[in-house]
Amino acid sequence: MEPVKELYESLKPVFENAAPKLFEVWEELGVHGEDLSDRLTTVCDHVTALLTQMVKEETDLKTRILDSIESCGNQVNQLTSELGVDPFQPEEHIPLIALEDSLRNMCNSLIQERHRRLKMLKSLKEEEQKLCDRLCETPLYLPTGVTPSEEQLKEVQENVGKLEKVVTKRRAEFRSLQQEILELFSVLDYEVTTSLEHDVWECDIFNCSLSSDYLRRVGDLRNELETKQREFEEIAEGLREKINRLWDRLEVDDGFRAQFNKANRGCKKAVIDRLQTEFDRLEELKLANLQRFIEATKSDLHSLWADCLFSRDQTEECAPAWSEEVSEDLLALLELEVERLKQYYERNKDLIGQVHRWKTLWHEHLDYEEKMKDPTRLLNRRGGGNLFKEQQAHTKLEKELPKLERQIAGNIRVFEDENNCTFTVEGNDFIDYIEEQRATEKLKKELEKAEKKKVK
(Lines give C-alpha, C1' and ligand atoms only; values in the text may rest on other atoms or scores of the structure.)
Protein backbone atom coordinates (compact mmCIF):
# COMPACT_ATOMS: atom_id res chain seq x y z
CA MET A 1 0.00 0.00 0.00
CA GLU A 2 1.27 3.48 -0.93
CA PRO A 3 2.11 5.77 2.04
CA VAL A 4 -0.46 8.37 0.95
CA LYS A 5 -3.28 5.84 0.76
CA GLU A 6 -2.09 4.38 4.07
CA LEU A 7 -2.44 7.87 5.60
CA TYR A 8 -5.94 8.24 4.11
CA GLU A 9 -6.99 4.85 5.45
CA SER A 10 -5.56 5.77 8.89
CA LEU A 11 -7.46 9.10 9.01
CA LYS A 12 -10.75 7.76 7.64
CA PRO A 13 -11.89 6.01 10.88
CA VAL A 14 -10.94 9.13 12.83
CA PHE A 15 -13.28 11.29 10.69
CA GLU A 16 -15.97 8.67 10.63
CA ASN A 17 -15.89 8.53 14.44
CA ALA A 18 -15.48 12.27 15.12
CA ALA A 19 -17.93 13.68 12.51
CA PRO A 20 -21.12 12.07 13.89
CA LYS A 21 -20.24 13.19 17.36
CA LEU A 22 -19.67 16.77 16.19
CA PHE A 23 -22.98 16.84 14.35
CA GLU A 24 -24.73 15.31 17.36
CA VAL A 25 -23.31 18.01 19.64
CA TRP A 26 -24.19 20.74 17.15
CA GLU A 27 -27.74 19.33 16.90
CA GLU A 28 -28.12 19.41 20.62
CA LEU A 29 -26.74 22.94 20.68
CA GLY A 30 -29.19 23.97 17.98
CA VAL A 31 -26.49 24.96 15.48
CA HIS A 32 -28.11 25.22 12.04
CA GLY A 33 -27.79 27.16 8.87
CA GLU A 34 -24.92 29.61 8.67
CA ASP A 35 -23.68 28.73 12.14
CA LEU A 36 -23.34 25.11 11.11
CA SER A 37 -21.67 26.20 7.90
CA ASP A 38 -19.19 28.28 9.95
CA ARG A 39 -18.55 25.32 12.21
CA LEU A 40 -17.75 23.12 9.25
CA THR A 41 -15.46 25.77 7.77
CA THR A 42 -13.67 26.04 11.11
CA VAL A 43 -13.14 22.26 11.20
CA CYS A 44 -11.76 22.28 7.66
CA ASP A 45 -9.54 25.30 8.39
CA HIS A 46 -8.25 23.71 11.60
CA VAL A 47 -7.40 20.40 9.87
CA THR A 48 -5.87 22.25 6.92
CA ALA A 49 -3.75 24.46 9.24
CA LEU A 50 -2.59 21.47 11.22
CA LEU A 51 -1.51 19.60 8.11
CA THR A 52 0.05 22.73 6.64
CA GLN A 53 2.03 23.28 9.87
CA MET A 54 3.20 19.71 9.84
CA VAL A 55 4.28 20.01 6.19
CA LYS A 56 6.15 23.22 7.05
CA GLU A 57 7.87 21.64 10.05
CA GLU A 58 8.99 18.62 8.06
CA THR A 59 10.11 20.84 5.22
CA ASP A 60 12.09 22.97 7.68
CA LEU A 61 13.61 19.79 9.13
CA LYS A 62 14.65 18.73 5.66
CA THR A 63 16.18 22.15 5.07
CA ARG A 64 18.08 21.96 8.34
CA ILE A 65 19.31 18.47 7.51
CA LEU A 66 20.43 19.63 4.07
CA ASP A 67 22.20 22.62 5.63
CA SER A 68 23.81 20.28 8.18
CA ILE A 69 24.85 17.91 5.40
CA GLU A 70 26.44 20.78 3.52
CA SER A 71 28.17 22.14 6.64
CA CYS A 72 29.37 18.74 7.83
CA GLY A 73 30.41 17.83 4.31
CA ASN A 74 32.48 21.00 3.97
CA GLN A 75 34.01 20.44 7.40
CA VAL A 76 34.75 16.80 6.59
CA ASN A 77 36.39 17.82 3.31
CA GLN A 78 38.45 20.46 5.10
CA LEU A 79 39.51 18.05 7.87
CA THR A 80 40.41 15.21 5.49
CA SER A 81 42.52 17.65 3.51
CA GLU A 82 44.08 19.08 6.68
CA LEU A 83 44.78 15.64 8.15
CA GLY A 84 45.96 14.19 4.86
CA VAL A 85 43.49 11.30 4.88
CA ASP A 86 41.36 9.93 2.03
CA PRO A 87 38.19 11.93 1.19
CA PHE A 88 34.95 10.65 2.73
CA GLN A 89 32.74 8.72 0.29
CA PRO A 90 29.16 8.13 1.60
CA GLU A 91 27.01 5.26 0.35
CA GLU A 92 24.97 5.91 -2.78
CA HIS A 93 21.23 6.67 -2.51
CA ILE A 94 21.47 6.96 1.28
CA PRO A 95 18.55 8.83 3.00
CA LEU A 96 19.24 12.40 4.07
CA ILE A 97 18.96 11.67 7.80
CA ALA A 98 21.35 8.70 7.54
CA LEU A 99 23.70 10.78 5.37
CA GLU A 100 23.67 13.65 7.86
CA ASP A 101 24.27 11.23 10.75
CA SER A 102 27.17 9.56 8.88
CA LEU A 103 28.76 12.94 8.02
CA ARG A 104 28.36 14.16 11.60
CA ASN A 105 29.99 11.01 13.01
CA MET A 106 32.82 11.30 10.48
CA CYS A 107 33.29 14.96 11.35
CA ASN A 108 33.46 14.18 15.09
CA SER A 109 35.96 11.40 14.43
CA LEU A 110 38.17 13.70 12.34
CA ILE A 111 37.99 16.43 14.99
CA GLN A 112 39.11 13.93 17.61
CA GLU A 113 41.99 12.85 15.34
CA ARG A 114 43.04 16.46 14.87
CA HIS A 115 42.89 17.01 18.63
CA ARG A 116 44.97 13.87 19.19
CA ARG A 117 47.62 14.99 16.74
CA LEU A 118 47.80 18.53 18.10
CA LYS A 119 48.02 17.23 21.68
CA MET A 120 50.74 14.77 20.70
CA LEU A 121 52.61 17.48 18.78
CA LYS A 122 52.46 19.83 21.75
CA SER A 123 53.85 17.16 24.06
CA LEU A 124 56.63 16.21 21.61
CA LYS A 125 57.59 19.83 20.90
CA GLU A 126 57.75 20.63 24.62
CA GLU A 127 60.06 17.67 25.18
CA GLU A 128 62.07 18.55 22.08
CA GLN A 129 62.45 22.15 23.27
CA LYS A 130 63.72 21.01 26.69
CA LEU A 131 66.29 18.75 25.06
CA CYS A 132 67.34 21.43 22.57
CA ASP A 133 67.72 23.96 25.40
CA ARG A 134 70.15 21.59 27.18
CA LEU A 135 72.03 20.85 23.98
CA CYS A 136 71.83 24.40 22.58
CA GLU A 137 70.39 22.94 19.38
CA THR A 138 67.61 24.21 17.09
CA PRO A 139 64.29 22.31 17.20
CA LEU A 140 62.91 20.69 14.07
CA TYR A 141 60.93 23.26 12.05
CA LEU A 142 57.21 22.70 11.54
CA PRO A 143 54.84 25.40 10.21
CA THR A 144 52.62 26.84 12.95
CA GLY A 145 48.80 26.81 12.83
CA VAL A 146 48.71 23.61 10.79
CA THR A 147 47.67 20.16 11.92
CA PRO A 148 50.72 17.88 11.56
CA SER A 149 50.63 14.80 9.38
CA GLU A 150 51.48 11.38 10.75
CA GLU A 151 54.82 11.61 8.91
CA GLN A 152 55.60 14.92 10.60
CA LEU A 153 54.71 13.53 14.01
CA LYS A 154 56.95 10.55 13.35
CA GLU A 155 59.75 12.89 12.28
CA VAL A 156 59.46 14.94 15.48
CA GLN A 157 59.26 11.74 17.55
CA GLU A 158 62.42 10.40 15.89
CA ASN A 159 64.17 13.73 16.47
CA VAL A 160 63.23 13.60 20.17
CA GLY A 161 64.62 10.05 20.35
CA LYS A 162 67.84 11.17 18.67
CA LEU A 163 68.19 14.14 21.03
CA GLU A 164 67.59 11.87 24.05
CA LYS A 165 70.45 9.62 22.89
CA VAL A 166 72.70 12.66 22.47
CA VAL A 167 71.76 13.87 25.97
CA THR A 168 72.51 10.42 27.42
CA LYS A 169 75.87 10.28 25.65
CA ARG A 170 76.85 13.81 26.62
CA ARG A 171 75.67 13.32 30.19
CA ALA A 172 77.98 10.32 30.49
CA GLU A 173 80.79 12.36 28.93
CA PHE A 174 80.17 15.22 31.35
CA ARG A 175 79.98 12.85 34.33
CA SER A 176 83.35 11.37 33.36
CA LEU A 177 84.90 14.83 32.92
CA GLN A 178 83.37 16.04 36.18
CA GLN A 179 84.75 13.08 38.12
CA GLU A 180 88.22 13.58 36.62
CA ILE A 181 88.14 17.32 37.40
CA LEU A 182 86.93 16.81 40.97
CA GLU A 183 89.69 14.27 41.50
CA LEU A 184 92.22 16.75 40.11
CA PHE A 185 90.82 19.46 42.41
CA SER A 186 91.50 17.12 45.32
CA VAL A 187 94.93 15.98 44.11
CA LEU A 188 96.10 19.55 43.49
CA ASP A 189 94.35 20.97 46.56
CA TYR A 190 92.92 23.37 43.98
CA GLU A 191 91.05 26.55 44.92
CA VAL A 192 87.93 26.94 42.77
CA THR A 193 87.66 30.51 41.42
CA THR A 194 86.10 30.80 37.94
CA SER A 195 82.40 30.44 37.15
CA LEU A 196 83.10 27.36 35.03
CA GLU A 197 84.98 25.71 37.90
CA HIS A 198 82.08 26.49 40.25
CA ASP A 199 79.65 25.05 37.68
CA VAL A 200 81.56 21.78 37.53
CA TRP A 201 81.94 21.68 41.32
CA GLU A 202 78.24 22.27 42.08
CA CYS A 203 76.58 21.10 38.86
CA ASP A 204 73.42 18.95 38.84
CA ILE A 205 74.15 16.52 36.04
CA PHE A 206 70.44 16.16 35.18
CA ASN A 207 69.86 19.88 34.64
CA CYS A 208 73.16 21.38 33.49
CA SER A 209 73.94 22.50 29.96
CA LEU A 210 75.16 19.76 27.64
CA SER A 211 76.02 21.86 24.60
CA SER A 212 79.06 20.85 22.59
CA ASP A 213 80.67 24.20 23.38
CA TYR A 214 80.13 23.73 27.14
CA LEU A 215 81.55 20.22 27.07
CA ARG A 216 84.52 21.52 25.06
CA ARG A 217 85.18 24.15 27.73
CA VAL A 218 84.87 21.53 30.49
CA GLY A 219 87.27 19.29 28.54
CA ASP A 220 89.71 22.20 28.20
CA LEU A 221 89.48 22.74 31.98
CA ARG A 222 90.29 19.05 32.55
CA ASN A 223 93.26 19.33 30.16
CA GLU A 224 94.52 22.48 31.91
CA LEU A 225 94.31 20.76 35.29
CA GLU A 226 96.11 17.69 33.94
CA THR A 227 98.85 19.95 32.57
CA LYS A 228 99.05 21.68 35.94
CA GLN A 229 99.20 18.27 37.65
CA ARG A 230 102.08 17.21 35.38
CA GLU A 231 103.85 20.49 36.11
CA PHE A 232 103.35 20.01 39.85
CA GLU A 233 104.51 16.40 39.60
CA GLU A 234 107.64 17.47 37.71
CA ILE A 235 108.33 20.22 40.25
CA ALA A 236 107.74 17.85 43.18
CA GLU A 237 109.80 15.07 41.59
CA GLY A 238 112.60 17.49 40.80
CA LEU A 239 112.63 18.77 44.37
CA ARG A 240 112.56 15.23 45.78
CA GLU A 241 115.48 14.22 43.56
CA LYS A 242 117.51 17.24 44.69
CA ILE A 243 116.54 16.66 48.32
CA ASN A 244 117.53 12.98 48.16
CA ARG A 245 120.86 13.93 46.62
CA LEU A 246 121.47 16.48 49.34
CA TRP A 247 120.34 14.03 52.03
CA ASP A 248 122.87 11.53 50.68
CA ARG A 249 125.63 14.11 50.63
CA LEU A 250 124.76 15.35 54.11
CA GLU A 251 124.21 11.80 55.40
CA VAL A 252 120.76 12.65 56.79
CA ASP A 253 119.22 10.02 59.07
CA ASP A 254 117.01 7.43 57.33
CA GLY A 255 114.31 7.82 59.98
CA PHE A 256 113.95 11.51 59.25
CA ARG A 257 113.82 10.81 55.51
CA ALA A 258 111.06 8.21 55.90
CA GLN A 259 109.02 10.45 58.17
CA PHE A 260 109.39 13.45 55.85
CA ASN A 261 108.51 11.45 52.72
CA LYS A 262 105.46 9.91 54.41
CA ALA A 263 104.16 13.36 55.38
CA ASN A 264 104.81 14.87 51.94
CA ARG A 265 103.41 12.51 49.34
CA GLY A 266 101.75 13.68 46.14
CA CYS A 267 102.09 17.02 44.42
CA LYS A 268 99.70 19.39 46.18
CA LYS A 269 100.80 22.98 46.45
CA ALA A 270 101.23 22.64 50.22
CA VAL A 271 103.46 19.60 49.65
CA ILE A 272 105.54 21.48 47.07
CA ASP A 273 105.91 24.38 49.50
CA ARG A 274 107.20 22.02 52.20
CA LEU A 275 109.55 20.33 49.71
CA GLN A 276 110.87 23.73 48.69
CA THR A 277 111.40 24.68 52.34
CA GLU A 278 113.34 21.47 52.98
CA PHE A 279 115.42 22.00 49.84
CA ASP A 280 116.25 25.56 50.92
CA ARG A 281 117.26 24.26 54.34
CA LEU A 282 119.51 21.64 52.79
CA GLU A 283 121.01 24.21 50.43
CA GLU A 284 122.09 26.24 53.45
CA LEU A 285 123.67 23.13 54.96
CA LYS A 286 125.32 22.41 51.63
CA LEU A 287 127.02 25.78 51.64
CA ALA A 288 128.34 24.99 55.07
CA ASN A 289 129.84 21.75 53.66
CA LEU A 290 131.20 23.00 50.32
CA GLN A 291 134.35 20.86 50.27
CA ARG A 292 132.44 17.61 50.76
CA PHE A 293 129.82 18.57 48.14
CA ILE A 294 132.39 19.57 45.55
CA GLU A 295 134.24 16.25 45.93
CA ALA A 296 130.99 14.27 45.75
CA THR A 297 129.85 16.21 42.66
CA LYS A 298 133.20 15.58 40.97
CA SER A 299 132.76 11.88 41.75
CA ASP A 300 129.33 12.00 40.12
CA LEU A 301 130.92 13.61 37.07
CA HIS A 302 133.48 10.83 36.72
CA SER A 303 130.71 8.21 36.89
CA LEU A 304 128.67 10.05 34.25
CA TRP A 305 131.70 10.38 31.98
CA ALA A 306 132.10 6.61 32.08
CA ASP A 307 128.38 6.07 31.53
CA CYS A 308 128.34 8.49 28.58
CA LEU A 309 131.46 6.91 26.99
CA PHE A 310 133.55 10.08 27.21
CA SER A 311 137.26 10.08 26.38
CA ARG A 312 140.05 11.56 28.48
CA ASP A 313 140.25 14.54 26.13
CA GLN A 314 136.51 15.19 26.52
CA THR A 315 136.71 15.09 30.31
CA GLU A 316 139.66 17.50 30.33
CA GLU A 317 137.51 20.04 28.51
CA CYS A 318 135.46 20.40 31.72
CA ALA A 319 137.76 22.81 33.60
CA PRO A 320 135.66 22.97 36.81
CA ALA A 321 136.15 19.22 37.30
CA TRP A 322 139.90 19.70 37.67
CA SER A 323 139.85 22.93 39.66
CA GLU A 324 141.16 22.90 43.24
CA GLU A 325 139.04 25.93 44.18
CA VAL A 326 136.43 25.62 46.95
CA SER A 327 133.55 28.04 46.29
CA GLU A 328 129.80 28.26 45.67
CA ASP A 329 130.46 29.27 42.06
CA LEU A 330 132.54 26.17 41.40
CA LEU A 331 129.91 23.93 42.97
CA ALA A 332 127.22 25.58 40.84
CA LEU A 333 129.25 24.94 37.67
CA LEU A 334 129.84 21.32 38.61
CA GLU A 335 126.14 20.77 39.37
CA LEU A 336 125.19 22.32 36.03
CA GLU A 337 127.55 19.95 34.24
CA VAL A 338 126.15 16.96 36.18
CA GLU A 339 122.62 17.97 35.24
CA ARG A 340 123.60 18.42 31.57
CA LEU A 341 125.20 14.98 31.41
CA LYS A 342 122.23 13.37 33.15
CA GLN A 343 119.87 14.85 30.57
CA TYR A 344 122.19 13.73 27.75
CA TYR A 345 122.28 10.22 29.16
CA GLU A 346 118.48 10.05 29.62
CA ARG A 347 117.87 11.24 26.05
CA ASN A 348 120.25 8.66 24.56
CA LYS A 349 120.30 5.87 27.14
CA ASP A 350 119.04 3.25 24.65
CA LEU A 351 121.87 3.96 22.21
CA ILE A 352 124.47 4.29 24.99
CA GLY A 353 123.17 1.04 26.50
CA GLN A 354 123.70 -0.74 23.18
CA VAL A 355 127.32 0.46 23.04
CA HIS A 356 127.93 -0.72 26.62
CA ARG A 357 126.41 -4.05 25.62
CA TRP A 358 128.82 -4.25 22.68
CA LYS A 359 131.77 -3.51 24.98
CA THR A 360 130.62 -6.26 27.37
CA LEU A 361 130.35 -8.77 24.50
CA TRP A 362 133.72 -7.71 23.15
CA HIS A 363 135.41 -8.27 26.53
CA GLU A 364 133.72 -11.70 26.70
CA HIS A 365 135.15 -12.40 23.25
CA LEU A 366 138.64 -11.38 24.40
CA ASP A 367 138.31 -13.49 27.56
CA TYR A 368 137.37 -16.51 25.45
CA GLU A 369 140.39 -15.94 23.19
CA GLU A 370 142.64 -15.84 26.27
CA LYS A 371 141.17 -19.10 27.57
CA MET A 372 141.81 -20.72 24.20
CA LYS A 373 145.56 -20.08 24.72
CA ASP A 374 145.64 -22.21 27.90
CA PRO A 375 146.63 -25.77 26.88
CA THR A 376 145.83 -27.24 30.29
CA ARG A 377 142.12 -26.66 29.88
CA LEU A 378 141.94 -29.65 27.48
CA LEU A 379 143.48 -31.99 30.07
CA ASN A 380 140.57 -31.54 32.45
CA ARG A 381 138.26 -34.39 31.43
CA ARG A 382 135.62 -33.40 33.92
CA GLY A 383 135.44 -30.02 32.25
CA GLY A 384 134.36 -31.44 28.90
CA GLY A 385 130.80 -30.30 29.42
CA ASN A 386 131.97 -26.80 30.34
CA LEU A 387 134.13 -26.61 27.20
CA PHE A 388 131.10 -27.44 25.07
CA LYS A 389 128.99 -24.81 26.82
CA GLU A 390 131.76 -22.22 26.41
CA GLN A 391 131.96 -23.01 22.71
CA GLN A 392 128.21 -22.69 22.30
CA ALA A 393 128.18 -19.34 24.15
CA HIS A 394 131.08 -18.10 22.02
CA THR A 395 129.30 -19.10 18.81
CA LYS A 396 126.20 -17.20 19.93
CA LEU A 397 128.36 -14.19 20.89
CA GLU A 398 130.09 -14.16 17.48
CA LYS A 399 126.66 -13.98 15.81
CA GLU A 400 125.34 -11.28 18.12
CA LEU A 401 128.31 -8.90 17.82
CA PRO A 402 127.96 -8.01 14.10
CA LYS A 403 124.16 -7.83 14.41
CA LEU A 404 124.49 -5.42 17.35
CA GLU A 405 127.08 -3.37 15.43
CA ARG A 406 124.63 -2.88 12.56
CA GLN A 407 121.86 -1.81 14.95
CA ILE A 408 124.15 0.66 16.70
CA ALA A 409 125.35 2.11 13.39
CA GLY A 410 121.76 2.67 12.26
CA ASN A 411 120.77 4.31 15.56
CA ILE A 412 123.84 6.54 15.41
CA ARG A 413 122.77 7.78 11.96
CA VAL A 414 119.34 8.68 13.41
CA PHE A 415 121.02 10.42 16.39
CA GLU A 416 123.33 12.46 14.14
CA ASP A 417 120.46 13.47 11.81
CA GLU A 418 118.31 14.60 14.73
CA ASN A 419 121.07 16.36 16.70
CA ASN A 420 123.30 17.59 13.88
CA CYS A 421 126.40 16.39 15.72
CA THR A 422 128.70 13.35 15.81
CA PHE A 423 128.16 10.53 18.29
CA THR A 424 131.48 9.36 19.68
CA VAL A 425 132.65 6.45 21.81
CA GLU A 426 135.59 7.49 23.98
CA GLY A 427 136.31 10.31 21.53
CA ASN A 428 136.10 8.19 18.34
CA ASP A 429 133.54 7.42 15.68
CA PHE A 430 131.89 4.12 16.62
CA ILE A 431 133.05 2.31 13.49
CA ASP A 432 136.57 3.65 14.00
CA TYR A 433 136.36 2.56 17.64
CA ILE A 434 135.40 -0.99 16.62
CA GLU A 435 138.13 -1.17 14.03
CA GLU A 436 140.64 0.12 16.58
CA GLN A 437 139.61 -2.61 19.03
CA ARG A 438 139.91 -5.29 16.36
CA ALA A 439 143.25 -3.86 15.19
CA THR A 440 144.55 -3.90 18.75
CA GLU A 441 143.49 -7.54 19.13
CA LYS A 442 145.12 -8.45 15.81
CA LEU A 443 148.36 -6.68 16.72
CA LYS A 444 148.43 -8.44 20.06
CA LYS A 445 148.05 -11.82 18.36
CA GLU A 446 150.83 -11.02 15.91
CA LEU A 447 153.16 -9.94 18.72
CA GLU A 448 152.39 -13.12 20.65
CA LYS A 449 153.04 -15.18 17.52
CA ALA A 450 156.37 -13.40 16.95
CA GLU A 451 157.30 -13.93 20.57
CA LYS A 452 156.65 -17.69 20.23
CA LYS A 453 158.93 -17.88 17.17
CA LYS A 454 161.74 -16.18 19.11
CA VAL A 455 161.37 -18.73 21.91
CA LYS A 456 161.69 -21.60 19.45
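Glu-241 is partly exposed, with a relative accessible area of 39%. Its side chain meets that of Arg-245 in a salt bridge, at 3.8 Å from N to O. The structure is a predicted model, and a search of all of it finds 26 salt bridges. The points below cover a selection of salt bridges, the aromatic pairs, a charge over a ring, a surface patch and one loop residue.

**Salt bridges within a helix**

- Arg-245 and Glu-241 both belong to helix α6, which spans residues 212–250. They are four residues apart, and that spacing puts about one helical turn between them.
- Arg-245, like its partner, counts as partly exposed, and its relative accessible area is 25%.
- Glu-128 forms a salt bridge with Lys-125, and their closest N and O atoms are 2.7 Å apart.
- Glu-128 and Lys-125 are three residues apart in helix α3, so about one helical turn separates them.
- The two ends of this bridge fall into separate accessibility classes. Glu-128 has a relative accessible area of 0% and is buried, whereas Lys-125 is partly exposed at 24%. The cut-off for buried is under 20%, so the value for Lys-125 falls outside that class.

**A salt bridge between helices**

- Side chains of opposite charge can pair when their charged atoms come close.
- Arg-116 and Glu-150 are such a pair, with their side chains meeting in a salt bridge at 2.7 Å from N to O.
- This pair links distant parts of the chain, 34 residues apart. Arg-116 is in helix α3 (residues 96–135), and Glu-150 is in helix α4 (residues 150–188).
- Arg-116 has a relative accessible area of 35% and is partly exposed. Glu-150 is also partly exposed, with a relative accessibility of 35%.
- The bridge is part of a network of salt bridges that links Glu-113, Arg-116, Arg-117 and Glu-150.

**Aromatic pairs**

- A pair of aromatic rings is described by the distance of the centres and the angle of the planes.
- The count for the structure comes to 12 aromatic pairs.
- In one of them, the ring centres of Phe-23 and Trp-26 are 5.2 Å apart and the planes stand at 80°, so the pair is edge-to-face. Planes over 60 degrees apart meet the cut-off for that class.
- Phe-23 and Trp-26 are three residues apart in helix α1, with about one helical turn between them.
- Phe-23 is partly exposed, with a relative accessible area of 39%, while Trp-26 is buried at 7%.
- Trp-358 and Tyr-433 also form an edge-to-face pair, with 6.0 Å from centre to centre and 65° between the planes.
- Trp-358 lies in helix α12 (residues 349–372) and Tyr-433 in helix α14 (residues 430–455), so this pair ties together parts that are 75 residues apart in sequence.
- Trp-358 is buried, with a relative accessible area of 0%. Tyr-433 is likewise buried, and its value is 5%.
- Trp-358 and Tyr-433 belong to a cluster in which ring pairs also link Trp-362 and Phe-430.

**A charge over a ring**

- Lys-242 has its charged end over the ring of Phe-279, at 5.5 Å from the centre of that ring.

**A nonpolar surface patch**

- Leu-7, Leu-11 and Phe-15 make a nonpolar patch of about 260 Å² on the surface.
- Leu-7 is found in helix α1, which covers residues 3–29.
- The relative accessibility of Leu-7 is 46%, and Leu-7 therefore counts as partly exposed. Patch residues need over 30% relative accessible area, a cut-off that the 46% of Leu-7 passes.

**Arg-265 in a loop**

- Arg-265 lies in the loop that runs between α7 (254–263) and α8 (269–287).
- Arg-265 is exposed, with a relative accessible area of 61%.
- Leaving out residues up to four places away in sequence, Arg-265 touches Arg-240 and Val-271.
- The C-alpha atom of Arg-265 is separated from that of Pro-90 by 88 Å. These two residues are 175 residues apart along the chain.

Conventions: Residues are numbered from 1 along each chain as its sequence is written. This is a predicted model: local features need pLDDT of at least 70, side-chain atom pairs count only at pLDDT 80 or more; totals for chains, interfaces and linings use all residues. Side-chain values use heavy atoms; hydrogens and water are left out. Patches are made of residues with over 30% relative accessible area and no salt bridge: like charges are joined within 9 Å, nonpolar side chains (Val, Leu, Ile, Met, Phe, Trp, Tyr) within 5 Å. Accessible areas come from the Shrake-Rupley method with a 1.4 Å probe; for residues, only the protein chains shown count as cover. A salt bridge is a side-chain nitrogen of Lys or Arg within 4 Å of a carboxyl oxygen of Asp or Glu. Helices (H or I, at least four residues) and strands (E, at least two) are DSSP runs, numbered from the N terminus. Buried means under 20% relative accessible area, exposed over 50%, partly exposed in between (1.4 Å probe, protein chains only). Rings of Phe, Tyr and Trp (its six-membered ring) pair if their centres lie within 6.5 Å; planes under 30 degrees apart count as stacked, over 60 as edge-to-face and the rest as tilted. A charge sits over a ring if NZ of Lys or CZ of Arg is within 6 Å of the ring centre and within 35 degrees of the ring normal. Contact means heavy atoms within 4.5 Å.
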